Amino acid sequence: MHFVNVETFEDWREASRHLIASKTKPSDIRWTTGDDQPSLFESDQPNPTGSASATFSVPKEFLQLARNVACHRDDQRWALLYRTLWRIVFDERHLLEITTDQDVYKLTQMQKGVTRDVHKMKAFVRFRKITSDISNTTSDVTERFIAWHRPDHRILRLAAPFFARRFKGMHWSILTPDESVTWDQKMLNYGPGVPVSETPDQDALEELWKTYYASIFNPARVKVAMMKREMPVRHWPTLPEASLIDDLLQKAPGRVTEMIADTEGFAETATNFMPEHKDLVSLRRAAESCRACSLHQSATQTVFGEGPRDARIVLVGEQPGDREDLQGHPFVGPAGELLDEAFQLVGIQRSEVYITNVVKHFKFTETTTSRGKRRLHQKPDSREIFACRPWLEAELSAIRPNVVVCLGATAAQALCGRDFRITKDRGKILPTEWCTQTIASWHPAAILRMPDRLRRKQMHEQWLSDLTLAMDTAG
């Protein structure tokens with residue numbers, strides 16, 4: 001019997017490589033964590049410097065699944081992951097496609113629990129401002145922001161990059177019972193867990209947040225039972241807005257009438273049209289019936305993404321153009337022709353990449369010329385982008401690419417944040433919620449429209465360099 005003690009996904013992955021290489025059966029291993037390690041035996045930890053060499057490969061979907069499940073609190077997660085890994089390597093390469101398999105089903109449910117917990121952390125973390133004296137430093141920043149949260153699982157490292165992007169201009173810390181993280185505007189630093197008793201008391205930010213929450217509270221869509229399910233009562237002590245809910249519910253009927261006359265944004269997003277199974281085939285079929293925004297009314301058809309489901313590189317543009325709208329395929333017009341030329345120059349096969357857009361319908365204005373009517377591209381507004389973006393997020397979640405290339409400002413701001421600027425951060429490899437290696441570059445249409453010949457040449461060279469970087473980074 002092998003006793004293997006692991007704490008993190010990285011520990012488990014390293015141990016599993018050597019166990020698989022030595023063909024150690026799942027039944028011959030007892031996985032332990034922390035103090036659970038048996039005291040009468042030494043941990044029979046695989047030796048990373050040993051002679052065994054793991055040369056096997058697994059689908060990248062399994063690695064992402066394992067990374068999420070590793071954060072689950074179920075004590076059997078390591079054994080379940082290794083048993084599934086063993087079956088994939090030695091018996092059933094396509095095991096994950098068998099959704100009715102007992103092991104696959106359990107792992108999928110655990111993954112859903114973890115991702116749901118990450119979502120709730122993003123929704124329920126509330127920062128409090130504190131003032132601290134900083135010594136031994138030249139920094140003049142004295143404001144710090146602290147939040148305490150009690151997640152169901154050990155998800156801090158999965159969620160922290162989101163807060164670093166969202167609040168990158170703040171110095172903040174998030175404390176949980178298991179682990180803590182601090183962002184110094186440059187990097188994330190992890191430390192031990194902290195009890196709720198060590199968090200700061202109420203501050204002025206809470207009153208500001210209450211005012212904001214009251215202003216955005218939508219009384220027309222309140223369902224108390226669903227609200228308590230989505231915002232569990234156990235989180236209410238750390239949510240300042242929770243104290244307002246009773247009063248807001250009492251005033252809800254009167255506010256409904258006011259909102260009907262002055263609606264902001266669209267009533268629905270693409271989320272309302274999502275299929276139960278979010279594979280690319282199901283997503284494409286469901287998107288054909290999307291009515292989340294008004295663009296579908298004038299567009300010829302939905303133009304969904306195209307490419308292999310295991311693509312290492314995903315290219316994201318703004319929206320389909322006139323030719324794309326008529327043919328139903330992304331990047332087949334002049335911008336697509338320039339893209340194909342670039343692929344040939346840098347050595348990328350179009351058939352090996354996935355190409356899509358943030359918005360799936362063509363937005364245009366119609367004008368009459370001596371040659372007849374023409375449809376001119378019109379930039380989608382923030383409401384339309386917000387309504388359509390769930391399709392892009394679902395595509396990226398289904399593919400899990402190694403690299404995402406954002407073509408143009410609309411795509412870059414949709415994935416990297418609204419303050420992203422192509423002129424400033426083009427060509428940099430940045431982590432985003434959907435891919436740890438995201439690169440933004442020029443949209444080929446922007447290059448074609450550039451009137452200055454020298455500037456157009458410079459943009460084209462930069463674009464080719466960025467595509468080459470994406471290819472090299474994808475591996």
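At 28% relative accessibility, Glu92 counts as partly exposed because its value falls between the limits for buried (under 20% relative accessible area) and exposed (over 50%), taken with a 1.4 Å probe and protein chains only. Its salt-bridge partner is Arg87, with the closest N and O atoms 2.9 Å apart, where a salt bridge is a side-chain nitrogen of Lys or Arg within 4 Å of a carboxyl oxygen of Asp or Glu. Arg87, with a relative accessible area of 17%, is buried. This is a predicted model, in which local features need pLDDT of at least 70 and side-chain atom pairs count only at pLDDT 80 or more, while totals for chains, interfaces and linings use all residues. Residues are numbered from 1 along each chain as its sequence is written, and side-chain values use heavy atoms, with hydrogens and water left out.

**Salt bridges**

A search of the whole structure finds 24 salt bridges, and three of the pairs are set out below.

| Pair | Closest N to O distance |
|---|---|
| Asp178 and Arg73 | 2.3 Å |
| Glu92 and Arg87 | 2.9 Å |
| Asp325 and Arg375 | 2.9 Å |

The bridge between Asp178 and Arg73 links distant parts of the chain, since Asp178 lies in the loop between strand S5 (172-175) and strand S6 (179-183), whereas Arg73 lies in the loop between helix H2 (60-69) and helix H3 (77-90), 105 residues apart. Helices (H or I, at least four residues) and strands (E, at least two) are DSSP runs, numbered from the N terminus. Asp178 is partly exposed at 24% relative accessibility, and Arg73 is likewise partly exposed, with a relative accessible area of 36%.

The side chains of Asp325 and Arg375 also meet in a salt bridge. That pair, too, links distant parts of the chain, with Asp325 in helix H10 (residues 322-327) and Arg375 in strand S11 (residues 372-377), 50 residues apart. Both Asp325 and Arg375 are buried.

Glu92 and Arg87 belong to a network of salt bridges that also links Arg83, Asp101 and Asp103.

**Helix packing**

Two packed helices are described by the angle between their axes and the distance between the axes. The axes of H3 and helix H4 (residues 102-124) come within 10 Å and cross at roughly 130°, the axes being lines fitted to C-alpha atoms over the stretch in contact, with angles running from 0 to 180 degrees between N-to-C directions. H3 is therefore oblique to H4, given that angles under 35 degrees count as roughly parallel, over 145 as roughly antiparallel, 65 to 115 as roughly perpendicular and the rest as oblique. Arg77, Leu80, Leu81, Arg83, Thr84 and Arg87 of H3 make the contact with Asp103, Lys106, Leu107 and Met110 of H4, contact meaning heavy atoms within 4.5 Å. Arg83, Arg87 and Asp103 thus appear in this helix contact and also in the salt-bridge network.

A second pair consists of helix H9 (residues 280-287) and helix H12 (residues 382-399), whose axes come within 10 Å and cross at roughly 165°, so that H9 and H12 are roughly antiparallel to each other. On the H9 side the contact is made by Leu280, Leu283, Ala286 and Ala287, and on the H12 side by Trp391, Ala394, Glu395, Ala398 and Ile399.

**The protein as a whole**

The protein has 16 helices and 14 strands, and buried residues make up 42% of its 475 residues. Of the contacts with a separation of 6 or more, 69% are accounted for by residues 24 or more positions apart.
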